[in-house]
Each structure stands twice: as C-alpha cells, then as structure tokens.
Amino acid sequence: MFENLFDHLDQIFVLLKQVLVGVLPAAWQPVASVVLCVVVIIGLFPALFALAVLLERKGLGRIQNRLGPNRVGPFGILQPIADGVKSLTKEDIVPISADWIVHFLAPVVLVVAVFMGFAVLPMGRNMVLVDMDAGLLFYFAIGASTELAIFMAGWSSRNKYSLLGAMRAVAQMISYEVPLLMSSVTVVMMTGSLSLTKIVAAQNHYTYGLPHWFIFTPWGFAGFFMYAIATTAETNRSPFDLPEGESELVAGYHTEYSGFKFALFFLGEYLAMFSISGMGATLFLGGWTAPLSILTWVPSWIWFFSKLMLSIFVFIWLRGTLPRLRQDQLMNFAWKFILPLCLLNLVVAGIWRFMGDGWLRWVVCSAILILAYLVMGRWGMRRQHIAPRSYRYAE
Amino acid sequence: MSFVFYLLTALTIAGGLAAVLLKNTIHCALALTVAFLGLALLFLNLDAQFAGFAQILVYIGAVAILVVFAILLTKGSETPTDGVFSHSWLAGLGVAAAVFATLGWAVLSSVRVLPHETSVPTATVAEIGNALMGRYVLALEIVAVLLTLAMIGAVIVAINEKAGSK
C-alpha cells in the first residue's frame, strides 16, 4: 500500500502530465507534452532563482555579520518580489553610442542558450524533456555558445569597462571549459555513453546499502573536484569573479545594462549555476538516485533538487569565504595545475577500467592521483614565499 | 524537402550573405555565426546529432570567439567609410561561380554513379566513436599531431616576438 503510494509520489509529475495531455485530441498530444514541459522549466527555475538570490543575500549577510534584507515581509522573505518589480519598472537605458541591435540581442541569446541546457537534464525518474543519445555533447555545445552572448554584451556597450570585462570573461570561460570537458569525459569513458539517463542508470546500484556514485571512486573524486572548480570559473562566481570585479571594472560586461535587461543577465548567471550544478550532480553525484538504499522510497525529484540546492549553498559559502584571484593566478591555475591533473585523471580512469574488480585498483589509482597532486602542488609553489604580508607604507 | 529545410537554408544563406555585405566587421563575424548555426541545424535536421553538436561546439563555441578576438586585437575593427566591395569583385564573382559550378556538377553526377540508398543510414555517436578509434585511428592521430604542432608553432612565434622586443 505504502510502496504504491510512494511510487505514485515519485512519478507524480509524469502522471500529472499524462492526465493533462490526455484531455487533448491524440494528434496534439506530442506537441502539448513538450510545450507543457518547457513551460514548467521556464516557470520553475526562475522561481528557484528568486529563492537562491534570497538565500545568497541572507547567507552572505550571516557570513559578514550583518542581517541581510529584512524589510520586505517577515524576515525579508518577500525581497525577491520587490527586486522583480523594481527591475521590471526601471527605465531601460541604452547608451547613445551603443550598437543597439547587438546590445538588445546579447541578454536574449544568453538566457535562451542557458535555458536550452535544462532540456537534457534528468530531474527525476522518467523526468527528462529530451532523452538524447548525445545529451552531454548537446549540453556542452549549448554551454559554449553563452560565451558569444557575453562578448556581444561587452562589445556592443561601447564602454571600456564592458569590453575589458567581456574579454576577461571569455578568456576565463574558454580556459576553464577545457577542464570542465576533460573531467566529464572520464564519466563517459566509464559508462560508455553520452546519454545522461544512461549515466544516471549506471550509478543507480547499491552495495551494502551504499550507492555506486562516481564521486566514490578515486578518478570520480578527483574529477568531481576539478569539475566543481571549473564550474565556479565558468559561471563567473567568486573566487573567479574577475570579469565582474567591482573594484576594477564597475560591473564588467553588463555595466551598461539597466532595468529588465540587467535582470536577464542576473537570471542567466543563476540559471547557468543551476544547470551546471544539475549536470555535476548527474555526472558524479548519481543524479536523482538516493544516497542510501534504505532511502530509495523518497521521490527521485526531491533528491535531484536537494543536490542542486546543496551545490548552490556551496557556491554561496565559497563566495562569502574566498578572496578574488588575480588574472595571472587564474590562468596559471587553469593551464598549469587543473589541466595536467585532468589529463592524468583520464589515464587513471583508463587504468581503473582495465584493472578489473578488486582492492588493488583502489590503491593504484588513489596513489597516482595523490602523488601527482602533491608533486604538482609543491612544484607550482616552489618559488612562492608564503609569509605574513608586509606593507611598505602602511606600517 | 520539408518546410523546415527551406527555413534553415534561408537562415544559413541570409547569415552568409550578411557576413559579406555588412560594413562593421564584428557584425560580419556575428552574421557568420548565424550561418554556422544554420549549418548545425541542417545537420540536426538530417538526424546527424554528432555532426550537428560538434559544429555548434567547435564553430560557435571556439571559431567564432577566435574570429572576434582576432578582429578586436587587429586594426580591422574600424568600420570602413567607403563600401565593402573590393575593386576586383567581378573576378571574385567569376571564381566563386566557377567553384560552385564544379561542385554542383560533381554532386549531381555522383547521384547517377552511386546506387540510390533505400534506407536512411543511421550513425549513432557510439558507432562514430568506434570508427574513429578503430578503422580511422591513424588518421585521427595524424590530425591530433598536426594540431599539436600548429599549437606549439604558434607559441614559438609568440615567444620569439617577445624576445626580439627586449
């Protein structure tokens, strides 16, 4: 009885969709089904965006020993509504020298490209809009086209801060896209498929009640960490938020945007965070599968969105904790540390694949990765003298 | 030919035409990206998922960015005051027409030589991967070595320039 109930709860959105689409004539049903899913995605994630912005402002306030927004509604929880109304009613200013067509198109292209990424994410059992054979490839192809939107925004504003911010953003995104793809390729090597539903299915096994998530293997652990670092840079989040460094560039590539267009950039940034966190959860954290076999009765979509919000929490935590990097540190980190480790991780994943079951592969793979991490870390730091900072004029 | 095919063809051709006819070089680069996108969508329309997504990933994600960076870092970013047509546009038109005619002739004559395929060929991403790693592995590796050499060459060129300016 109860199992049946939870099964229905697990599939509640799928069943709901079948009921809603079922009232239409048969010829319209495929189209209606897709349209319904798209409407849900377009409605759900901006709602989650409002929640995440509130969480971020409250969380950052807590980290910085202040209250955060507390004027609108009880404890300030209606702040996102006030923000939304404000950005919708603000005047939309376009600089007189700006290239207005490209200036207008840039936020649209960004948000459309980011929304398309959600199409292939499996958000629960049987809950994926398009179950594509090459889903992962589609996701990264769409993700790569957001760089052009950022360039368009920075260039069309005819403002040196915008242009510098856009150049920084594009350089950073291209640099960190390489480790992003490289760390994901290990998962493809293991599952032998680019389909995201198959990648989740490959992790949906349990031994002694513990899941077979890829993060619980040496290559998956290393891959997940490099993926997480690359996503932080890819979404221009602190500590990699140089493209928006307020102290140097006003607001980076969206300096000349106001009103609703600025809100679209803001939305795009958060949606990119959601989708790339969802992708990380799918690749390494088992997607919608439960963390313990005794918890499999909890609906699958709850797990997916819990993992997603946990990633958002870590993003906020990092932003409140870490200082911003310098441009050369950022590039050196990507090309001289993360990329070689990613390449090594590919080899380790190959070793893991061909050593077969047994404890030996755990020892060998872990040893290679830890040794490489230590040696490369020390080698990279050999000329750095870490000591308390001394100020020449301020003491 | 379906309606979608004509729509995508119009998009691709419009992008290509805009890329040669617009005055501002950055606009041209962006129009070229539209043409790339149209090509990718044409591949997808033919059920060639791998080719379509690779087209987006490589051409829109990398080549277009490279083009706009190259335009911004060189002096070509200024909008020309006189028109975009060069003095030798007639000769260019002739060469382009000749190339198009040759290609068209080759394509049209190949239809008669090759047997007409009755079933639509299907190539999954896994099959393409197996072919690349099996039968065509030598070609793949040669291309990889070539690209690595090109990258090293570019780095060496950049290093020499820096040393010479000291």
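The exercises below work through a predicted model of two chains, A and B, each with a solution in steps.

**Exercise 1. Establish what confidence the predictor assigns to each chain, and where in chain A the confidence is lowest and highest.**

Solution. Begin with the scores for the model, which are ipTM 0.77 and pTM 0.84. Next, take the chains in turn: chain A has a mean pLDDT of 84, with 98% of its residues at 70 or more, while chain B averages 82, with 82% of its residues scoring at least 70. Within chain A, the lowest confidence falls in helix 11, whose mean is 71, and the highest in helix 10, at 89. A caution belongs here, because predicted coordinates should not be read in detail where pLDDT is low.

**Exercise 2. Describe the make-up of chain A, and decide whether its radius of gyration agrees or disagrees with that of a compact globule.**

Solution. First, list the elements: chain A contains 15 helices and two strands. Second, compare the radius of gyration with the rule for a compact globule; for 395 residues the rule gives a value near 21 Å, and chain A has 23 Å, which agrees. Third, consider the extent of the C-alpha trace, which spans about 70 × 60 × 40 Å along the principal axes of chain A. Finally, turn to the interior: 39% of the 395 residues count as buried, and among the contacts between residues at least 6 apart in sequence, 77% join residues at least 24 apart.

**Exercise 3. Describe chain B by the same headings of elements, burial and contacts.**

Solution. Chain B has six helices and zero strands, so that a reading from the N terminus gives α-α-α-α-α-α, by the DSSP runs used here. Of its 166 residues, 16% count as buried. Among its contacts between residues at least 6 apart in sequence, 54% join residues at least 24 apart.

**Exercise 4. Work out which elements of chain A supply the side that touches chain B, and what kinds of residue are found there.**

Solution. Start with the counts, which are 18 residues from chain A and 15 residues from chain B. On the chain A side, the elements giving two or more residues are helix 6 (135-144), helix 7 (146-156) and helix 8 (160-191). Sorting the residues of that side by kind gives 15 nonpolar, one polar and two charged.

**Exercise 5. Examine helix 3 of chain B for its span, its bend and the surroundings of its buried residues.**

Solution. The helix covers residues 49-73, and at 1.5 Å a residue its 25 residues should span 36 Å; the end C-alpha atoms lie 34 Å apart, which agrees. Along this span, helix 3 of chain B bends by about 30° at Tyr59(B). Tyr59(B) is itself one of the buried residues of the helix, a group that also includes Phe53(B), Ile56(B), Ile60(B) and Val68(B). The cover over the buried residues includes parts of both chains, namely helix 6, helix 7 and helix 8 of chain A as well as helix 2 (25-45) and helix 5 (125-133) of chain B.

**Exercise 6. Compare the settings of Arg158(A) and Asn236(A), two residues with positive phi.**

Solution. Neither residue is a glycine, yet phi is near 55° in Arg158(A) and about 60° in Asn236(A). Arg158(A) lies in the loop between helix 7 and helix 8 of chain A, whereas Asn236(A) lies in the loop between helix 10 (218-234) and helix 11 (246-249). For burial, count the other C-beta atoms within 10 Å: Arg158(A) has 15 and is therefore partly exposed, while Asn236(A) has 23 and so counts as buried, the cut-off being 20 or more.

**Exercise 7. Are Thr146(A) and Arg382(A) buried or exposed, and how far is each from a given residue of chain A?**

Solution. Thr146(A), found in helix 7, is buried because 25 other C-beta atoms lie within 10 Å. Apart from neighbours within four places in sequence, Thr146(A) is in contact with Leu110(A), Ala113(A), Val114(A) and Ala272(A). Its C-alpha atom is separated by 9.5 Å from that of Gly268(A), 122 residues away along the chain. Arg382(A), in the segment after helix 15 (360-380), is exposed because it has 7 such atoms within 10 Å. Between Arg382(A) and Pro323(A), which are 59 residues apart in sequence, the C-alpha distance is 22 Å.

Definitions and conventions: Residues numbered from 1 in each chain as written. Chains lettered and ligands numbered in written order. Predicted model: local features only at pLDDT ≥ 70, side-chain atom pairs only at ≥ 80, totals over all residues. Contact = placed C-beta atoms within 7 Å. Helix = DSSP H or I, 4+ residues; strand = E, 2+ residues; numbered from the N terminus. Nonpolar A, V, L, I, M, F, W, Y, C, P; charged D, E, K, R; others polar. Rg over C-alpha atoms; globule rule 2.2 N^0.38 Å. Buried ≥ 20, exposed ≤ 12 C-beta atoms within 10 Å, placed from the backbone. Expected span 1.5 Å × (residues − 1). Bend = angle between axes of the 7 residues up to and from the residue. pLDDT = per-residue confidence, 0-100.
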